[in-house]
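Here's a quick tour of side-chain pairing and helix packing in one chain. Keep the viewer open and follow along.

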Amino acid sequence: PPLEQLLLLDDASFRHYFAGTPVRRAGYDRFMRNILIAAGNSDDTALVPLVETYLDYQAAVVRAMAVWALSQLMDQHAWITAKSHYLPAETDDTVRAEWNDGPDFS
């Protein structure tokens, strides 16, 4: 399936779509982490809005990969805007590190 379709899956849809497969056993959070890595490697800036939805996700591993993916896909203005919005409220050190290790536009 296209990345767009996979990024739209919620936990219930994921469980239904991958029922009876080894993918289902990996669990939604690890699966979404991998999909976000694929999105970041895709060079498809159209995925940015879908990736951004994971910046508020409960699991830090998913949020961290959303940040990394956006660091690969966003232009300077969008990155700085997102970082200034999300970083101050972020409490997880791993996610904060992804924000701080993102692109250096100076």
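Rings of Phe, Tyr and Trp (for Trp, the six-membered ring) are taken as a pair if their centres lie within 6.5 Å; planes under 30 degrees apart make the pair stacked, planes over 60 make it edge-to-face, and the rest are tilted. One thing to keep in mind throughout: what you're looking at is a predicted model.

**Aromatic pairs**

With that cut-off, searching the whole structure turns up 9 aromatic pairs. One of them joins tryptophan 79 and tryptophan 99, a tilted pair with 4.9 Å from centre to centre and 40 degrees between the planes. Tryptophan 79 sits in helix α7 (residues 76–86) and tryptophan 99 in helix α8 (residues 93–100), so this pair ties together parts that are 20 residues apart in sequence. Are these two tryptophans, 79 and 99, buried or exposed? Both tryptophan 79 and tryptophan 99 are buried.

Tryptophan 99 has another partner in tyrosine 86, and here the rings are stacked, at 6.3 Å centre to centre with 5 degrees between the planes. Tyrosine 86 belongs to helix α7 and tryptophan 99 to helix α8, 13 residues apart, so this pair also links distant parts of the chain. The two ends of the stack sit in unlike surroundings: tyrosine 86 is partly exposed because its relative accessibility is 21%, and buried means under 20%. Tryptophan 99, on the other hand, is buried with a relative accessible area of 1%.

Elsewhere, ring pairs join Phe14, Tyr17, Phe18, Tyr28, Phe31, Tyr54 and Tyr57 into a cluster.

**Salt bridges**

Now for the charged side chains. Side chains of opposite charge can pair when their charged atoms come close. How many salt bridges does a search of the whole structure find? It finds 2, and they're listed here with the separation of their closest N and O atoms.

| Acidic residue | Basic residue | Closest N and O atoms |
|---|---|---|
| Aspartate 11 | Arginine 15 | 3.2 Å |
| Glutamate 90 | Arginine 63 | 2.7 Å |

Aspartate 11 and arginine 15 share helix α2 (residues 11–17), where they are 4 residues apart, about one turn of the helix. Aspartate 11 counts as partly exposed at 34% relative accessibility, and arginine 15 is partly exposed as well, at 37%.

The bridge between glutamate 90 and arginine 63 has its closest N and O atoms 2.7 Å apart. Glutamate 90 lies in the loop between α7 and α8 while arginine 63 is in helix α6 (residues 60–73), so the pair ties together parts that are 27 residues apart in sequence. Glutamate 90 counts as buried at 11% relative accessibility, and arginine 63 is buried too, with a relative accessible area of 11%.

The loop between α7 and α8 also holds alanine 89. Alanine 89 counts as exposed, at 60% relative accessibility. Its C-alpha atom is separated by 25 Å from that of leucine 8, with the two residues 81 apart along the chain.

**Helix packing**

Two packed helices are described by the angle between their axes and the distance between the axes. For α6 and α8, the angle is about 0 degrees and the axes are 8 Å apart, which means α6 is roughly parallel to α8. On the α6 side, the contact uses Ala60, Arg63, Ala64, Met65, Val67 and Trp68; α8 supplies Thr94, Val95, Glu98 and Trp99. What kinds of residues make up the contact of α6 with α8? They divide into 7 nonpolar, 1 polar and 2 charged.

Methods:
Residues numbered from 1 in each chain as written. Predicted model: local features only at pLDDT ≥ 70, side-chain atom pairs only at ≥ 80, totals over all residues. Heavy atoms only, no water. Helix = DSSP H or I, 4+ residues; strand = E, 2+ residues; numbered from the N terminus. Buried < 20%, exposed > 50% of the residue type's maximum accessible area, 1.4 Å probe, protein only. Salt bridge = Lys/Arg side-chain N within 4 Å of Asp/Glu carboxyl O. Axes fitted to C-alpha atoms, helices over the stretch in contact; angles between N-to-C directions. Parallel < 35°, antiparallel > 145°, perpendicular 65-115°, else oblique. Contact = heavy atoms within 4.5 Å. Nonpolar A, V, L, I, M, F, W, Y, C, P; charged D, E, K, R; others polar.
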